[in-house]
Amino acid sequence: MVMTTNEKELLQIGRVLKPRGLRGELKIQILTNRPSVFMGQKTVWIGRREYAVRGTSFHSGFAYIFLDGIDKIEKAEVLKGKAVEVPRECFELADDEVLDIDLIGFTVVTENGKTIGVLETIENDNLVVGDTIIPNEDDFVIETNMKTKQIIIRNSFFDAEEIR
């Protein structure tokens, strides 16, 4: 999810699952393939409100954060289920890298030009185009063209799919 607040483009990196303990610590489901973005964050946005981060830790695939102003379990409960977001500039990208969110809406076509549809989302490193799920791997994806806003996939993917 992308949200714009005060001229900042915010990207969702997690979701508040529940409080942990009585002091307001939050258990966060990590929704980014770059969990390092949690470390060193001075602020996060939850429910359209900016919070200062007092501390972050990781355990068993989850992030745990303490926020200023959230110092009791009752205050933490209110945030359950809400998105955890950070400004886009928190993601340091190499020149040849893009964020998944930038690919949503691209047209997915086969190498012989057959249009499959529009990329709706990327889940578990799979491209979701309507009812079609395409593994985002070199065996299936030939090219992502940022200029034409197309993702070109191998014809063989659909040959295999039609057999099933």
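**Salt bridges, a hairpin and a negative patch**

Author: E9, R88 and D102 are linked in a network of salt bridges. This is a predicted model, where local features need pLDDT of at least 70, side-chain atom pairs count only at pLDDT 80 or more, and totals for chains, interfaces and linings use all residues. Residues are numbered from 1 along each chain as its sequence is written, and side-chain values use heavy atoms, with hydrogens and water left out.

Reader: What makes R88 and E9 a salt bridge?

Author: The term asks for a side-chain nitrogen of Lys or Arg within 4 Å of a carboxyl oxygen of Asp or Glu. R88 and E9 meet at 3.6 Å, N to O, so the pair qualifies. The two come from distant parts of the chain, 79 residues apart: R88 sits in the loop between β7 (83–87) and β8 (107–110), and E9 in strand β2 (residues 8–20). Strands here are DSSP runs (E, at least two residues), numbered from the N terminus.

Reader: How many salt bridges does that rule give?

Author: Five. Among them is R20 with E25, at 3.0 Å from N to O. Another is E77 with K80, whose closest N and O atoms are 3.6 Å apart.

Reader: Why is E25 called buried, and R20 partly exposed?

Author: Buried means under 20% relative accessible area, exposed over 50%, and partly exposed in between (1.4 Å probe, protein chains only). E25 has 8%, so it counts as buried. R20 has 36%, so it's partly exposed. By the same cut-offs, E77 at 36% is partly exposed, and so is K80 at 44%.

Reader: How do you know that β11 and β12 pair?

Author: Two strands pair if DSSP finds at least two bridges between them. Strand β11 (residues 126–129) and β12 have four, in the antiparallel sense, so they pass. L127 stands opposite I134 in β12. The two strands make a hairpin with two residues between them, and G130 in the turn has a positive phi of about 60°.

Reader: Which residues form the negative surface patch?

Author: D100, D125, E137, D138 and D139. Patch members need over 30% relative accessible area and no salt bridge; like charges are joined within 9 Å, nonpolar side chains (Val, Leu, Ile, Met, Phe, Trp, Tyr) within 5 Å. Asp and Glu count as negative.

Reader: Why is E137 called partly exposed?

Author: Its relative accessibility is 43%, so E137 falls in the partly exposed class. You'll find E137 in the loop between β12 (132–135) and β13 (141–145).

Technical notes. Accessible areas come from the Shrake-Rupley method with a 1.4 Å probe; for residues, only the protein chains shown count as cover. The place of a charge is taken as NZ of Lys, CZ of Arg, CG of Asp or CD of Glu.
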